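Colleague: I should like to learn how to read the features of a model. Could we go through them one at a time?

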Amino acid sequence: MSGAAAHSASSGGGRAIVVGAGLAGLAAALRLSAAGMRVRIFEGAAQAGGRCRSFHDATLDRLIDNGNHLVLTGNRSVQAHLRETGAEDAMIAAPTAILPFVDLRDGRRWRIAMNAGPLPWWVCAPSRRAPGTSALDYAAALSLLTAGRGATVAEAIRGRGPAWELFWEPMTVAALNAPPERASARLLWAVLAETFSRGAAASRPMFAREGLGPALVEPALRVLKARGAEVRFGASVKGLERRGARVTALRLGGESLAVGADEQVVLALPPGKLRIVAPWIDAPEDRSAIVNAHFKLPDPAILSDAPPILGVIGAATHWIFARDGVASITISAAEAYEGVLDAPSDALAPRLWAETRAALGLREGLEPVASRIVKEKRATFDQSPDGVARRPKAATDLENLTLAGDATDTGLPATIEGAIRSGHVAARLAVRAARRAARLNSERPAAAVAAAGAE
């Protein structure tokens, strides 16, 4: 069920405050309201979605996503979110689990093409794997599984041949927004375990028809509105007030908002903001950057034969997404590459367009009619072994406070899947705490009456 019907059919009670209306906060609010709780959401920005928002760009005259995100059919929390909001048709799964690549250094093109079923026989077929690699090169995934908690991908996977350059390194940077020398081996294994290791059924790319906002954010807001949830934008929470084992108030600028005795609080914030609101909670740094560039073509038909996603080797560009006459490129771990993050947009755009044109095989001299560079300097948390070790748990030492956000200890990287799953975990804990508190409150009067009778 979704929408008001699910709310009316639910049971429970109590109230909840969710701080942050990114995907983690929205996912938590949906589950809390489905459990019958009255929900209030406070978001410091003017819109919901966090790093997954869509907006109309006047320069491009297109609705674009703030960042490009790869969603796969094995992302079960994303699938659940789409069902809960009645937006199953807002994302389209590719018919096959194929990721095409191009190497701009020599023009080679190939594809990673996974087979149906759990047995990965695709690694035995040269036409389905990166050139110059063997089936044994992909067995290195087992080294990730057995790696210690402090191991990086570079330490776990020893080989430095074609498989490293054409598969393991680009996959690590894409999945963990960090170079292999910094990225956690355990965290990369977590991605593979839920997607590639389960075959094509879990590894098909999914694409939003109109954008990530219309697919994941706006349907959630509609359901929450139907359930009577209150959403306040431009309401930046600056801190919490505590008494004993409870949060008693939120500080919003000069305003202090009391937290009721029956009210749970969910903080769904990135690490930088979490440390401001709840400075006693440790969290990893969030200084890993992503650069996105969007190029509008003079005619959408130019991209009609372009793959919806293309991996790029030997260039600053890592991935190209083609939709609605716009080629959008992503550079992950942008802080690790010289001349990218700090380059002026007007100097960076021509360089990235030249790579995009070559990668897509477009004619010489073709120029975009408009372009936009978006730099996210705090795109994800530090996904090194040290950063992963600092991820806070969803449960806290306060009885009415839980944490959400992809930087919490979900076991997954900083992805849409991780964000939504963190919201589900936080909501489950908050509902359980609310019911436990309600049960204790109901038992106290009965105990008092019994004590009075005994006297």
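Colleague: How many bridges join strand E7 to strand E16, and which way do the two strands run?

Modeller: Strands of a sheet pair through backbone hydrogen bonds, either parallel or antiparallel. In this predicted model, strand E7 (residues 98-103) and strand E16 (residues 309-313) run parallel and are joined by three bridges. Two strands count as paired if DSSP finds at least two bridges between them. Helices (H or I, at least four residues) and strands (E, at least two) are DSSP runs, numbered from the N terminus. Within this pair, Phe101 faces Gly311 of E16.

Colleague: To which sheet do these strands belong, and what is the strand order?

Modeller: They belong to an open sheet of seven strands with mixed pairing, in the order E8-E7-E16-E17-E18-E15-E19. Strand E8 (109-113) and strand E19 (370-380) each have a single partner strand, so one side of each lacks a neighbour in the sheet. On average, neighbouring strands are turned by 25° against each other, direction ignored. Helix H11 (residues 345-360) packs on this sheet, and its direction makes about 100° with that of E19. Axes are lines fitted to C-alpha atoms, for helices over the stretch in contact, and angles run from 0 to 180 degrees between N-to-C directions.

Colleague: What numbering and what limits should I keep in mind?

Modeller: Residues are numbered from 1 along each chain as its sequence is written. Local features need pLDDT of at least 70 and side-chain atom pairs count only at pLDDT 80 or more, while totals for chains, interfaces and linings use all residues; side-chain values use heavy atoms, with hydrogens and water left out.

Colleague: How should I read a salt bridge, and how many salt bridges are there?

Modeller: Side chains of opposite charge can pair when their charged atoms come close. The rule requires a side-chain nitrogen of Lys or Arg within 4 Å of a carboxyl oxygen of Asp or Glu, and the count comes to 25 salt bridges. One of them joins Asp65 and Arg323 (3.9 Å, N to O). Asp65 lies in strand E4 (residues 62-65) and Arg323 in strand E17, so this pair ties together parts 258 residues apart in sequence.

Colleague: Is Asp65 buried or exposed?

Modeller: Asp65 counts as buried at 10% relative accessibility, and Arg323 is partly exposed at 30%. Buried means under 20% relative accessible area, exposed over 50%, and partly exposed in between (1.4 Å probe, protein chains only). In another salt bridge, the closest N and O atoms of Asp382 and Arg182 are 2.6 Å apart.

Colleague: Which residues have the most contacts inside the largest nonpolar core?

Modeller: A nonpolar core is a set of buried Ala, Val, Leu, Ile, Met, Phe, Trp, Tyr and Cys residues joined through side-chain atoms within 4.5 Å. The largest has 44 residues, and those with the most contacts inside it are Leu23, Leu32, Met91, Leu216, Val266 and Ile416. Beyond four places in sequence, the contacts of Leu32 (heavy atoms within 4.5 Å) include Ala16, Val18, Val266 and Ala427.

Colleague: Where does pLDDT stay under 50?

Modeller: The predictor's confidence in each residue, pLDDT, runs from 0 to 100; the protein averages 93, and 95% of the residues score at least 70. It stays under 50 over residues 1-11, where the model has 26 contacts beyond four places in sequence. Residues 446-452 also stay under 50, with zero such contacts.
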